[in-house]
Every structure is written in C-alpha cells, then in structure tokens.
Amino acid sequence: MTDQADTARWHKTACILCENNCGIQIQTDGRRFAKIRGDKEHVATGGYTCNKALRLDHYQNGMERLTTPLRREPDGSFTPVDWDTAVREISARLTSVRDTHGGKSIFFYGGGGQGNHLGGAYSGALMGALGARYRSNALAQEKTGEGFVDAHLTGGHTVGDFENAEVSVFIGKNPWQTHGVSRARTVLKDIAKDPLRTMIVIDPVRTETADLADIHLQLRPGTDAWCLSGILGVLVQEDLVDHAFLDSRTTGAATVLDQLKAVDVGHCAATCGLDEELLRTTARRIAAASSVSTYEDLGVQQGPNSTLVSYLNKLIWLLTGNFGKQGAMQPHSWVASLFQYSTRPRRTPVTGARMPGGLVPCNVIAEEILNDHPDRFRAMIIESSNPAHSLADSATFAEALDRLDLVVVIDVALTETGRRADYVLPAASQYEKWEATFFTLEFPHNTFHLRAPVLDPLPGTLTEPEIYARLIRELGTVPRSRLSLLRAAARLGRTPYKLAFAALAVLDRSTIKAAPYLLYETLGPTLPDGARSAAVLWALCLRIAHKYPKAMRRAGHATAEALFDAILKGRSGVVFTEDEYDDAWDYVPHPGRRIPLPIPELLDLHAELDTTAAVHTTEEFPLVLAAGQRRAFTANTIIRDSTWRLRDKGGTLRISPQDAERLGLDDGAPARITTERGTADATVEIDDRMQAGHAALPNGFGLDLPTGDGGTERTGVAPNTLTDLRRRDPIAGSPWHKHVPARIEALPV
C-alpha cells in the first residue's frame, strides 16, 4: 500500500487490457502513474509488455470516477445516497422481486471484467442468497461455441504450445495486436525468422501477423468453415492423417473420416476465393509437421458458423495427432474454471436457448426480458461490465433494461449501462484493491498472479467483495452463529478452520453456496496486508491440491496451504502447477482417456455446407462490416478517456482502395454506414490490407464521456448501434459482430 508522499516506489502489478495480463511495474507520483515498465521477474511474461500497458494512467486517472452510490429518481435524474441507504434499498427491492417472481428472475451479468475477476468470485454468494440461477458475461459473446466443442472432445479448454510448434495456425486471430499468446510479438518474430518453422494465417484482412506469415489464406469474409473443410478434405483424401494416433487415442474416427472423404476441395476453395493448390499446400504442410498448434479467436468466433468452425479447427489437429506433445495442443489446470464443460447445456427460461458453459447467450438476453412470459428476467445485477455498449443491437438492449423492475450496476464510472440503472454503486479501481485474473491458460507451467493494491481506494468507493458482503448482511440469509463459529476457528489457525468449515458443509449444504461470503467475513480478516478479498483463493488452493496434486507439488508447493501462502507473497505471480506432456491425457474425462471425434449435430451442419449460404450481403447491404477491429490504439472500454490514443483518435472506417474508388471516397472523407439496425457516420481510411467488399470499424470507441458542462460527448462509432442480435450462431448464440451486412455512402465534405 502507498500514500501520496511515496513518489519513488515501484509497485508490481499487471496490465488489465487483454487476457495475458502481462506483469508490469508502476512508479506512482501521488495518485498518478508516473512511469510504467515490464516486470522482469514476472513468472509468465518476464518483462514483456506492449505499448498499451504504458498508457494505463488513462484508465486510473483519465475518467470521471464515481465516489458515492447513485439512485435514479422517477424523472430519470440521479440522487447521491450514502452506502447504508443504497444497500438497504437495493436489498429490499431484490427481496421483493425474489418473493414475487422467484430468485431465478434475478439475472447476473459480468462478475469480473477484464483482469478484474477476484471480485466476481464473490458474486455467487449473493446469487445463492437470492436463489438466482442465471448469469452471463462477455465470454458468452466469444468462447461458448468453442467451449461446447471442447466439452465433447477433450473435456476442457486447450491451448497451443506456440513457442515450440513447428507449424502455428492463427484463424481469425491477429496476435500482433490482440495478443492471447504470452509475449506475443516476441514469439511471432521468433517463428517468422526460423526457416524450419511455418506460420499460417487464415484471415480476410492482411493483418500485421499475416505480414509475418509464410502462408496467408486471405479468404472471403465468413467462409472459414469452407476453408477448414477443404483442409480437412485434403488431409483425409490424400491419407495424411495420423492413423496410429486415431486408433490408440480416439473413438469414432471412421465416422468423421467417411464424411470428410466426400468434401469437394475445389468447391471449398472457390467459395473462399482461394487458389485450390494453395489450400492443398497448406494442408500438406500441416500434415508433414512434427507439431502443430492453432489459435481461433473473435474473427471467427463472432462470425457465421462459429461453433462449426471451432469443431473443424480442432479436427485438424486431432486428425494429425497434435495433442499432448511438445509444440502441439494441450489441456491445462485451472485456479477456477471459467466454464462448465458439459455436453448437455442448460436452457434459458423463456426462449429455451442453449447455454454452453452455463452462460446465457448474450444475443438472447433482451428476448428473455422483452416478453410477458411468467419466467422472464425481472432484475439485473451488472458488475464490471457495460452490456448497453458491448452487446449486439444497443437500442434493443437499452429497451430491455428499461423494462426490468430493477437494475443495479457496480462499476468505477457512470457507464452507458449505468445511466439506465436504478442504482449505481461505485467500485474501487483495479489498482486500488487486491485483484487477479482467472485466465490461467498455460501448459506445462501454469501461473497465477494475485495483485496487491498500487493505491489506496478512492474515498467513497468499495471493493466488489465488500459490496456483495454488505448486501448479503442486509438480506440476513446467513446465520450469525455460523459466522461466529468460523471466526473462532480462524483465530486458531487454518487447520482448525478447514475442519470447522468442512463440518458446516456436511451439516448444511447451503454452506457451499455461501462459501465466498463466509470466507470473506471469517478467514479474510486474518490475512496479511489487508488481503481480505483473497480469502476465496484459499478454497481454490484446496481444490487445486485435490485435482492436480502431482502438478502442484512439481511446482514446488507441498500442500494447499503452502500454495496459498506463496500466492499471497508472490508479487510477480507464482507457478501453481507444472505438468509433463504425458499428463495431458489425465485431463481427458472420457472412457479410456480416448477423445470421441464425432459430434453428430456439428457433423450434420458440416454435411449441409454445400447448401448453406456463404454470402449474407444483399443489394441493399452489399458490404461486410467487421464491427470491432483491434488496432494499435484501441483497447477494451474500461479506458474511458479518449486522450490515451496517439493515433486513430476518432476511430476510422477502414475500406479497400477498390471500394473507395467505387464509392467516390478519399482518405479522411466522411462516410455513412447503414445496417439493418442503425446508422453511424465515420471518417474513411483507405487501407490496402482490406479486400474489396470488406470494411472495419475499431473496438473501444463510441463511449459517451462526460463534458465540462454536465453533458456527454461521443468520439467515434459505438459498434453495437449497427449490429443485429438476430444474427447469431445456431449452437452457441454467438453474435456476428465481425460479419455485419452494411451499406457505405459518401457524405458531403
């Protein structure tokens, strides 16, 4: 912890702008971040960082912070209220909704934004207290289709070993800008300069990663399923598959192989606008490699056929035996799993939409509210998220928020979502509290970083665990006697505490639902340096010791308690498990540790590709718009300060030279974008990286930021004023943010 007089100390922490959460050090000057540099001692990133991390003072100090709870009045204005009043009123209204419509009508969204997961770990206790059953978050816009496929195949998430892979394949992924691979730019450059290694990029845009690639399959937007199908067709028809691997490690391979024998590779190439021989060369290079790793991301996961694309991607590395060996795909341990990997997803209460990973698909949330069904959602608690800006079809989602009986937003600033809430509760920033991310996705050395506060909390703000705890206290759902017992046990030490907690769990099963709250209230106050919010990690360390005992001990932790202590002390993170490549098969949950290859529903979709539309544009909307492209000076919208950007300050509309000429547009000219759902104006940037018929708007723009006169001002286009919630994947409900039929017209200069 620091105070304003400390101007020289460097604080170890992490970047919060992407899933890699690179370790950094921050030198403070009062409450400002004077200097930022990579942390060379960080266990995962070793001093690496990109340019965006160096601008994090704009997150901490660039936005107008909330410092008191706000209550919406009938006229739409907000009144500041004290914390006791806010907690009392919110608890009473939540109780009323629960008692009238049932706890399942209370819907949670968020529970941990990017790099802000620790607070979300406590939201489950409030859900349990209310009897709430449904939740969602940003992952339900991206990763649930992949999670659906993973559940059927390997039983859990897999990652590529790109530092060692002979062939690296990036599908709808530009790690030069989006990272996702630890030390991404260093790894990409190492691959590119090694003549024995090959990088393959499948992307309609000539990205910075494609510039480094040996093979760039610059396919037509939205045709990824045909591209991957063609590669698989070559692998099977030219007998380039690993039969020994299929015979010993999988089941049902014959069913998959028989279908792929019938793929018309030439038709696939023509559909994608690719040279057939280049497609065949790509497949042969993959088959010849000693190791292959692949990475699919939002470019395909937010486009047509996204779940099918995930399946076909994974079949490529499975048919070639690239699992559980150096340089190939690996499963991994978790501190806390972000998904429920089940082959039988739950369904939403009104529309009956599938919930892969246990999450409500974001594109059905509005439909679950805007109806008269008795089981519709009646209240939302939204934490560290901004769905009014980030979900498809912003206008319809705003209408859904207005229809709810109660909306409570927990955030650091008055966001677009917060402006439509009944109550807004001010949270401490990510650098004012103990925090962590559960994106523990590495193999064989998996790491976790508990971050200590860099600054004291801004007066008037609270951490998310404390907010949840105050609401639960007011609800009165946890007997005081239970807290007294556990507090007494905690004073005696963690061993007596563990025994007391276990006994309570046996006597009363509701103890498990309330566990995060109980840990926060009883174990939390005993932790050093005010690390109360880290109490839930103690239980997660017990889980790690139970699920991965050998891997935990290899990482140097003899017991769960030793691991917990190491996490509390490890300012640059800790390695919490260390696997060996043969251990990969221990993560496969299926009989005989064999991977079942057929997923009948997806094989049916694949069989229908010959009659499936590959083109979704029309005469009225002839272009494909990617709504939310990652660029050098874009980031997620937690940076609510437009001055952080050194380039592309207004968020240009990138179009190809061919389209610019056809539409009569020059660099810097104004243009209007129109889709089925909305219209927006932007400045044109002619970019030869874009192919004809394809345009892109950046992510991170279109925030309504406060001005000095009490109003708001928007810079750039809010992408989801243009997207359509009806365009979604048939399996996972994932949105087509990267594939929006649009019309672009010149405006008068």
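## Close-up views of a predicted model

**View 1. K173 and D297 meet in a salt bridge.** The side chains of K173 and D297 come together here, with 2.8 Å from N to O. K173 sits in the loop between β9 and α6 (175-178), and D297 in the loop between β13 and α14 (298-301), so this pair ties together parts that lie 124 residues apart in sequence. Buried or exposed, then, for K173 and D297? Both are buried. Keep in mind for this and every other view that the model is predicted.

**View 2. Four strands line up in an open sheet.** Now for the strands themselves: reading across the sheet, the order is β11-β10-β9-β13, and the pairing is parallel. The edges belong to β11 (215-217) and β13 (292-296); each has a single partner strand, so one side of each is left without a neighbour in the sheet. On average, neighbouring strands here are turned by 10° against each other, direction ignored.

**View 3. β9 and β13 run side by side, with a helix packed on the sheet.** How many bridges join strand β9 (residues 167-171) to β13? There are five, and the two strands pair in the parallel sense. As one spot to look for, V167 stands opposite V292 in β13. Helix α15 (residues 306-319) packs on this sheet and touches both β9 and β13. The direction of α15 makes about 170° with that of β13.

**View 4. R31 reaches E432 from a distant part of the chain.** These two form a salt bridge, and their closest N and O atoms are 2.9 Å apart. Where do the partners come from? R31 belongs to the loop between β2 (23-29) and β3 (32-38), while E432 belongs to the loop between β19 (423-426) and β20 (445-448), which puts the two 401 residues apart. Their surroundings are worth a look too: R31 has 22% relative accessibility and counts as partly exposed, whereas E432 is buried, with a relative accessible area of 1%. Across the whole model, the count comes to 54 salt bridges.

**View 5. E276 and R280 pair up within one helix.** This salt bridge stays inside helix α13 (residues 276-288), where E276 and R280 are four residues apart, about one turn of the helix. The closest N and O atoms of the pair are 3.0 Å apart. E276 is partly exposed, with a relative accessible area of 31%. R280, at 17% relative accessibility, counts as buried. The pair also has company: E238, E276, E277, R280 and R284 are linked in a network of salt bridges.

**View 6. A121 sits in a loop between two helices.** Look for A121 between α3 (117-120) and α4 (123-130). A121 is partly exposed, with a relative accessible area of 22%. Which residues does A121 touch, once its neighbours within four places in sequence are left aside? The contacts are F438, P516 and V536. E238, from the network in the previous view, is another matter: A121 and E238 are 117 residues apart in sequence and 49 Å apart in space, C-alpha to C-alpha.

**View 7. L450 helps fill the largest nonpolar core.** This core has 103 residues, and those with the most contacts inside it are L56, L450 and L537. Which helix gives the largest share of the core? That is α24 (residues 535-547), with seven residues. Zooming in on L450, and leaving aside its neighbours within four places in sequence, its contacts include L118, W434, A534, L537 and I567. Apart from this core lies another, of 61 residues, with V149, Y311, L315 and W317 among them.

**View 8. Aromatic rings pair up, and some form a cluster.** The model has 17 aromatic pairs. In one of them, the rings of Y497 and F501 have their centres 6.0 Å apart and their planes at 50°, so the pair is tilted. Y497 and F501 both lie in helix α21 (residues 494-507), four residues apart, about one turn of the helix. Both of these residues, Y497 and F501, are buried. Elsewhere to look, ring pairs link F245, W317, F323 and W585 into a cluster. W317 may ring a bell: it is among the residues of the 61-residue core.

Notes
Residues are numbered from 1 along each chain as its sequence is written. This is a predicted model: local features need pLDDT of at least 70, side-chain atom pairs count only at pLDDT 80 or more; totals for chains, interfaces and linings use all residues. Side-chain values use heavy atoms; hydrogens and water are left out. Two strands pair if DSSP finds at least two bridges between them. Axes are lines fitted to C-alpha atoms, for helices over the stretch in contact, and angles run from 0 to 180 degrees between N-to-C directions. Contact means heavy atoms within 4.5 Å. A salt bridge is a side-chain nitrogen of Lys or Arg within 4 Å of a carboxyl oxygen of Asp or Glu. Buried means under 20% relative accessible area, exposed over 50%, partly exposed in between (1.4 Å probe, protein chains only). A nonpolar core is a set of buried Ala, Val, Leu, Ile, Met, Phe, Trp, Tyr and Cys residues joined through side-chain atoms within 4.5 Å. Rings of Phe, Tyr and Trp (its six-membered ring) pair if their centres lie within 6.5 Å; planes under 30 degrees apart count as stacked, over 60 as edge-to-face and the rest as tilted.
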